[in-house]
Number of protein chains: 4
Amino acid sequence: MIIKLSQSSTDMALKHLVKWFAQQDVEARQINWGAQVLLVTSSKWKGDADYLKSIDGVESVTEMTADYQLCTRKFQPQDTVIDLGDGVIFGRGATVMMAGPCAVESEDQVMRTAEFLRSKFDIKVFRAGAFKPRTSPYTFQGLADEGLNLLAKVRKEFGMKIITEVKDTTHLAAVADVADIIQIGTKAMYNFSLLAMCGQLKQPIVLKRGFMTTIKEFLQAADFILSSGNSKVILCERGIRSFEPQTRFCLDVCSAALIKELSHLPIVLDPSHAMGIAAQVPLVAQSAAALGVDGLLIETHPDPANAKSDKEQALSFEEFGRIVPVLDKICTAVGRRLIA
Amino acid sequence: MIIKLSQSSTDMALKHLVKWFAQQDVEARQINWGAQVLLVTSSKWKGDADYLKSIDGVESVTEMTADYQLCTRKFQPQDTVIDLGDGVIFGRGATVMMAGPCAVESEDQVMRTAEFLRSKFDIKVFRAGAFKPRTSPYTFQGLADEGLNLLAKVRKEFGMKIITEVKDTTHLAAVADVADIIQIGTKAMYNFSLLAMCGQLKQPIVLKRGFMTTIKEFLQAADFILSSGNSKVILCERGIRSFEPQTRFCLDVCSAALIKELSHLPIVLDPSHAMGIAAQVPLVAQSAAALGVDGLLIETHPDPANAKSDKEQALSFEEFGRIVPVLDKICTAVGRRLIA
Amino acid sequence: MIIKLSQSSTDMALKHLVKWFAQQDVEARQINWGAQVLLVTSSKWKGDADYLKSIDGVESVTEMTADYQLCTRKFQPQDTVIDLGDGVIFGRGATVMMAGPCAVESEDQVMRTAEFLRSKFDIKVFRAGAFKPRTSPYTFQGLADEGLNLLAKVRKEFGMKIITEVKDTTHLAAVADVADIIQIGTKAMYNFSLLAMCGQLKQPIVLKRGFMTTIKEFLQAADFILSSGNSKVILCERGIRSFEPQTRFCLDVCSAALIKELSHLPIVLDPSHAMGIAAQVPLVAQSAAALGVDGLLIETHPDPANAKSDKEQALSFEEFGRIVPVLDKICTAVGRRLIA
Amino acid sequence: MIIKLSQSSTDMALKHLVKWFAQQDVEARQINWGAQVLLVTSSKWKGDADYLKSIDGVESVTEMTADYQLCTRKFQPQDTVIDLGDGVIFGRGATVMMAGPCAVESEDQVMRTAEFLRSKFDIKVFRAGAFKPRTSPYTFQGLADEGLNLLAKVRKEFGMKIITEVKDTTHLAAVADVADIIQIGTKAMYNFSLLAMCGQLKQPIVLKRGFMTTIKEFLQAADFILSSGNSKVILCERGIRSFEPQTRFCLDVCSAALIKELSHLPIVLDPSHAMGIAAQVPLVAQSAAALGVDGLLIETHPDPANAKSDKEQALSFEEFGRIVPVLDKICTAVGRRLIA
């Protein structure tokens with residue numbers, strides 16, 4: 001249950017409610033939500049909503065049935081809009097193209113890619129990982145701090161926004177120093193300490209759905225960030241694991257469609273990781289764009305054959321160049337505009 | 001391995017090869033492929049392709065690595081085109097809209113639906129099931145022969161093509177009497193006797209992928225039909241079963257994208273069954289159309305709330321009416337035209 | 001809802017109820033259950049149970065919440081026991097070992113296997129398929145009628161019970177002529193015409209769970225057979241499809257454990273198909289036996305390396321010989337006895 | 001590829017090899033393996049093994065095909081044995097029972113449970129979590145440091161070994177101060193920084209398989225720990241996520257059986273989390289024990305109905321008491337002994 005206090009009389013109501021919940025032995029978490037204060041109990045708690053509504057200084061009470069609360073349209077019907085400036089806006093009819101290589105590999109590689117994306121298509125958000133969560137301990141794990149420095153250089157030289165991944169809490173501060181948008185990867189979605197710490201940052205957080213995660217758990221993870229104080233969460237569907245061995249993952253467009261109804265948070269799709277095979281990424285990107293989503297994450301690399309990670313799925317510049325105008329037309333067809 | 005005999009000298013080569021294979025104790029199946037004759041061995045057999053190519057009357061030899069053969073682009077690089085006349089064509093840049101209710105319920109229901117589809121949108125293919133593979137023995141199983149009669153009436157009155165489902169071999173003849181296109185449902189895809197019998201028919205067969213079927217098994221099922229003599233197979237991705245409980249199935253756009261490269265057969269998508277929730281079917285249909293497929297199967301019903309099967313996923317006429325122009329624009333955006 | 005009529009006054013009550021249901025426009029299916037008559041409505045129908053109970057000639061009324069009814073312990077608390085004579089009994093603390101090759105390949109092969117099983121371990125049930133549902137059209141599909149004749153010979157010479165698979169309705173009569181137990185394979189579980197026809201036979205039916213089938217759908221399939229008049233259904237868990245590529249399937253011991261509580265029907269396990277790798281089949285068979293089930297299906301072949309189907313999973317006679325005493329001890333440990 | 005240096009001449013060979021690999025521009029990681037030193041390259045690197053073997057001071061060269069290396073029987077054929085003293089030994093024919101509640105909730109709760117387990121069954125390893133990775137931010141997250149103190153008290157009073165979970169790196173040091181065995185939970189298995197840090201500890205690490213993790217990724221995660229210097233890794237299969245909604249997870253006995261062949265590391269099973277329903281946990285525990293594994297993790301609670309987490313799956317003391325003698329007999333039947 002979510003109790004929203006009115007701005008004018010927060011202190012008094014808060015004092016009263018904290019005492020009241022303590023008497024009832026019910027945990028109610030105090031959360032800053034924009035300029036307002038919320039008290040949130042477990043959704044399983046079924047208290048007397050009418051009484052709570054009657055308290056002076058209580059603006060609204062939302063009774064929940066689902067285990068996720070702050071991210072729901074039941075609590076906030078209108079779309080969350082996240083505006084990073086320079087025309088990069090998530091959640092108001094725009095589809096933001098975020099592109100770049102899987103990993104930062106070298107200065108030459110990132111600068112060439114950024115130059116291509118910015119000069120040819122005016123792509124405004126550059127993606128690349130400095131900390132790579134690789135499953136093998138014997139392969140390239142990312143350039144780490146050196147990679148972050150190169151991303152800072154991309155931002156400075158090309159005026160692009162940077163989205164980059166955090167693997168775990170050990171390097172979150174370093175990532176937060178550089179990133180305009182912080183990405184929590186599919187393998188870190190259940191790292192609840194990381195979620196809580198991202199909830200204390202100012203940047204938008206792209207939260208990738210775990211590839212084995214139900215919608216319920218995904219939205220609960222979003223609530224972890226939201227309830228820690230950061231309301232700028234962007235959901236990302238990036239493919240779930242299925243029984244099919246010939247594709248890397250399975251882009252779950254049905255869940256994405258449902259999430260658009262369940263949650264007010266922006267949602268972006270990652271066709272590159274879902275498909276995992278460059279030849280088919282453009283088709284899947286088309287499919288993703290047609291869903292009417294708030295953004296796309298697409299991998300491109302100056303020399304895919306020699307990429308240090310995920311080389312099978314990176315588009316060459318030529319392939320990337322061919323897909324942009326098609327995506328633009330699809331966005332128009334579904335009443336949106338491609339930010340690129 | 002596929003050995004294609006030249007039309008001019010089939011008999012002689014055939015005689016020679018049959019004898020040769022018998023001597024080697026290798027099973028080679030004789031298949032009529034259009035006007036030509038093929039001999040097909042298990043793909044595991046690795047014989048002397050050079051020798052076979054050198055035989056008089058052998059036009060080509062295709063060595064296979066996959067377990068499916070006739071459906072592959074390795075055997076036939078160009079798209080299979082299936083033309084039913086009246087502008088209904090699968091496989092040449094068209095996306096054929098196939099619409100109608102899940103099940104034939106009554107004369108009023110099918111006639112009203114057909115009238116709506118034909119007069120408002122010039123939909124050319126009417127879908128509805130007379131034999132329903134329901135999982136509960138205590139619920140509506142379809143009108144059976146009476147349903148087929150009503151479908152025949154739709155065809156006669158509205159000049160629409162009829163696609164309807166066959167559950168198993170017991171009623172295949174009856175279905176084949178009425179249907180322009182025969183649909184093998186997801187639960188019947190492993191019914192190999194049914195596949196073989198459909199291979200002896202003249203009609204196109206829409207083969208739905210089993211909801212937990214790999215691409216490999218799906219294309220092997222297609223080969224069952226093709227190798228029995230019917231080359232008019234249309235593949236259908238209709239959603240796979242995942243771990244997610246809030247959606248009915250998961251439309252596997254990644255597999256569909258890959259199948260377009262692996263096989264020359266047309267492919268259509270069924271967003272209604274995949275999503276299973278009417279409110280989200282339009283978004284998923286958009287996603288499906290953007291993949292650039294040869295057709296779409298969409299359920300619509302004059303009164304979804306009272307439909308006798310799958311009522312959660314049927315679009316009302318109003319909802320259906322809103323989605324058609326959007327799909328039309330998406331098809332145009334991806335270089336195709338919507339047949340509707 | 002299940003209405004059971006008392007034997008003494010069936011006719012009168014039936015007449016009354018049929019009329020009453022017709023007036024209510026509710027479908028109620030009439031089913032022979034042993035010597036009694038049932039009327040079964042969809043489980044979604046929520047009628048006035050108290051009124052129904054009050055009708056003369058109504059013995060009991062079972063209100064259902066699940067979509068499966070006749071197979072539940074709610075309807076019949078005590079275990080169904082299926083006794084085939086000669087000590088072959090499913091459902092009374094016995095674990096029946098059913099063994100043999102995947103497919104009938106030749107007289108020599110089946111006779112050698114039967115001789116081995118009968119003389120060394122007194123195995124009483126011989127398993128082998130004459131009709132094989134193979135996914136490739138270019139591989140061995142079974143010996144068909146010739147295979148059935150060989151199975152008849154095994155029965156005659158060794159006095160073993162025969163369990164063999166039916167793929168679809170086209171050859172059910174032939175299989176029923178020979179089989180003591182008819183097996184519906186995992187790929188045929190959704191063949192509802194086949195289920196209904198098996199419901200009209202006298203033999204026990206081993207119903208294999210589809211590898212993509214929920215417990216609910218599995219038990220509904222059982223209800224298809226039960227509601228058609230055959231109460232001798234034996235459930236079989238044989239592995240579900242997961243995301244793991246290194247094992248053939250995944251034996252779902254958790255579902256099997258739950259099914260034992262939900263249903264009164266006997267349940268048997270098939271470790272061979274689940275594991276798919278001979279070296280690990282004994283361990284998985286141990287796991288299966290420890291669950292306290294009514295039977296095991298294990299594949300063994302005189303020459304696994306040259307088996308015509310599923311050769312990777314067949315145990316050699318030596319391997320089979322080693323596992324029997326271990327399974328015997330496990331059965332004892334869990335309070336059962338191994339019938340072998 | 002794994003190059004093992006002989007103890008007598010490590011320094012010289014190491015110097016030579018480091019230089020040689022640098023010249024080849026191949027990354028080779030230096031790893032302490034017991035008293036010896038290894039150089040490990042990516043398994044994709046296919047270098048001249050014969051040359052490497054010929055170098056003075058090289059004891060052995062293992063060429064790998066799989067992406068996991070140190071955990072394989074190819075590298076180390078014999079079982080890894082982990083002996084914690086007091087008869088707690090993983091990997092030499094013993095099945096160690098590890099029992100306790102899901103979470104530490106209060107002093108009374110853990111002391112009562114430990115007293116019960118120790119006095120009635122001589123259970124030697126106590127399990128309970130102080131840091132709980134809960135998916136909802138609004139529910140009990142564990143007692144944290146206070147919980148660890150209570151676990152230390154259990155160890156002191158009852159002489160039991162403590163196994164407890166670490167969620168992420170933020171509290172690893174605190175956990176390591178108290179735990180005899182550190183458990184990495186299913187949701188943390190992809191936390192590679194955590195794996196590496198656990199690789200620098202002295203304690204055995206129970207690594208739980210992610211619930212949608214392939215065997216390959218699971219064993220790669222084990223290699224992360226091993227390659228960081230801790231050879232005491234115990235694998236744990238705890239159920240995978242399937243499409244079945246009625247069970248919590250699906251205990252993957254087939255994968256567990258295969259892992260026993262692929263890896264020399266001990267393996268334990270967790271029937272409680274896999275099944276998720278207390279009534280069926282005993283059956284699944286039986287199944288797990290019969291697989292011949294090195295340990296079992298079973299949840300028991302003095303008052304399951306009021307447990308603060310996972311209450312559905314905790315056994316009451318009475319239920320726990322009934323299953324121990326059965327598990328003991330099963331272990332004997334498969335040639336092992338239950339440590340309890």
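Ring pairs tie five aromatic residues into a cluster that draws on chains A and D: Tyr190(A), Phe192(A) and Phe224(A) come together with Phe211(D) and Phe249(D). The model is a predicted one, and the cluster is a handy way into its aromatic contacts. Searching the whole structure, over all chains, turns up 52 aromatic pairs.

Two of these pairs sit within chain D. Trp20(D) and Phe21(D) meet edge-to-face, with 5.2 Å centre to centre and 75° between the planes. Both partners are tucked away: Trp20(D) is buried, and Phe21(D) is too. Trp33(D) and Phe75(D) also make an edge-to-face pair, here with 5.5 Å centre to centre and 65° between the planes. This second pair bridges distant parts of the chain, as its residues are 42 apart. Trp33(D) belongs to strand β2 (residues 28-33) of chain D, while Phe75(D) lies in the loop between β4 (58-62) and β5 (82-85) of chain D. Trp33(D) has a relative accessibility of 12% and therefore counts as buried. Phe75(D) is buried as well, because its relative accessible area is 9%, under the 20% cut-off.

Rings also take part in contacts with charged side chains, and chain B offers two cases. The charged end of Arg238(B) is placed over the ring of Phe249(B), 4.2 Å from the ring centre. Likewise, Lys308(B) has its charged end over the ring of Phe140(B), this time 5.1 Å from the centre.

Turning to the backbone, chain C has an open sheet built from four strands, which run in the order β2-β3-β1-β4 with antiparallel pairing. Its edges are β2 (28-33) and β4 (58-62) of chain C, each of which pairs on one side only. On average, and ignoring direction, neighbouring strands of the sheet are turned by 20° against each other. Strand β1 (residues 2-5) of chain C pairs with β4(C) through four bridges, in the antiparallel sense. Along this pairing, Ile2(C) stands opposite Thr62(C) of β4(C).

As for how the chains are arranged, chain B can be laid on chain A by a rotation of 180° with 0.0 Å of shift along the axis, giving an RMSD of 0.0 Å. The two copies are therefore related as by a two-fold rotation axis. Within chain B, the C-alpha nearest that axis belongs to Ser287(B), at 2.1 Å. Both copies use the same surface, with 100% of the contact residues of chain B recurring in chain A.

Methods
Residues numbered from 1 in each chain as written. Chains lettered and ligands numbered in written order. Predicted model: local features only at pLDDT ≥ 70, side-chain atom pairs only at ≥ 80, totals over all residues. Heavy atoms only, no water. Pairing = 2+ DSSP bridges. Helix = DSSP H or I, 4+ residues; strand = E, 2+ residues; numbered from the N terminus. Axes fitted to C-alpha atoms, helices over the stretch in contact; angles between N-to-C directions. Least-squares fit on C-alpha atoms with pLDDT ≥ 70 in both. Contact = heavy atoms within 4.5 Å. Phe/Tyr/Trp six-rings, centres within 6.5 Å; stacked < 30°, edge-to-face > 60°. Buried < 20%, exposed > 50% of the residue type's maximum accessible area, 1.4 Å probe, protein only. Lys NZ or Arg CZ within 6 Å of the ring centre and 35° of its normal.
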